[in-house]
Amino acid sequence: MAYDVEKTEEEWKAELSPAEYDVLRKAGTERPFSSPFETDPTVGVYSCRACSAELFRSDTKFDAHCGWPAFYEPLAEDRVEYIEDRSIPGHARTEVRCARCGSHLGHVFKGEGFGTPTDERFCINGIALTLEPASS
């Protein structure tokens, strides 16, 4: 798929830390409970660390006690793309990527029973995000 932001692997490696590159460009996963964004109460907008596309709002974030920041919906459906992920044998899941640059963000899970308007949990790697606090 063609993205609005396309760079060579060398360019991504030069712009991202090794840990960011592993998650964003190689679909890695950060260690659970390692991101301060999981429970950060700051009001604002979460963007893709790789390309700065605005992806999630803090008012859709909830504490799922899962080890990663969790949101119940993206800022808009055209901000993310969904890809079937069968990397774990016998367990299909849905990968979430940034629609602007194709970077891996995490996964979305449905029907887990969280008391959210969508009954979805966007389980997003904190290292894949930046937070722009709302102006007071």
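**Charge, fold and core of the protein chain**

Good morning. The protein chain carries 15 positive and 25 negative side chains, and the centres of these two sets lie 3 Å apart. I should say at once that what you see is a predicted model.

Let me turn to the fold. The protein chain contains 2 helices and 9 strands. Reading from the N terminus, the order is α-α-β-β-β-β-β-β-β-β-β.

Next, the overall dimensions. A compact globule of 136 residues would have a radius of gyration near 14 Å, and the protein chain, with 14 Å, therefore agrees. Its C-alpha trace extends about 45 × 40 × 30 Å along the principal axes. Of the 136 residues, 46% count as buried. The accessible surface comes to about 7400 Å², and carbon and sulfur atoms account for 49% of that. Where contacts link residues at least 6 apart in sequence, 53% join residues at least 24 apart.

I now come to the interior. The largest nonpolar core comprises 27 residues, and those with the most contacts inside it are Leu55, Cys98, Cys101, Leu105 and Ile124. Elements giving two or more residues to this core include α2 (18-26), β1 (44-48), β2 (54-57) and β6 (91-98). The largest share, 3 residues, is supplied by α2.

Which residues does Leu55 contact, leaving aside its neighbours within four places in sequence? Among them are Tyr46, Cys48, Pro74, Leu75, Val80, Cys98, Leu105 and Leu129, together with Arg79 and Ser47.

Apart from the largest core lies another, of 7 residues, including Phe62, Ala64, Ala70 and Tyr72. Thank you for your attention.

Definitions and conventions
Residues numbered from 1 in each chain as written. Predicted model: local features only at pLDDT ≥ 70, side-chain atom pairs only at ≥ 80, totals over all residues. Heavy atoms only, no water. Helix = DSSP H or I, 4+ residues; strand = E, 2+ residues; numbered from the N terminus. Rg over C-alpha atoms; globule rule 2.2 N^0.38 Å. Buried < 20%, exposed > 50% of the residue type's maximum accessible area, 1.4 Å probe, protein only. Contact = heavy atoms within 4.5 Å. Areas by Shrake-Rupley, 256 points an atom, 1.4 Å probe, with all protein chains shown as cover. Lys, Arg positive; Asp, Glu negative; His and termini not counted. Charge placed at Lys NZ, Arg CZ, Asp CG, Glu CD. Core = buried A, V, L, I, M, F, W, Y, C linked by side-chain atoms within 4.5 Å.
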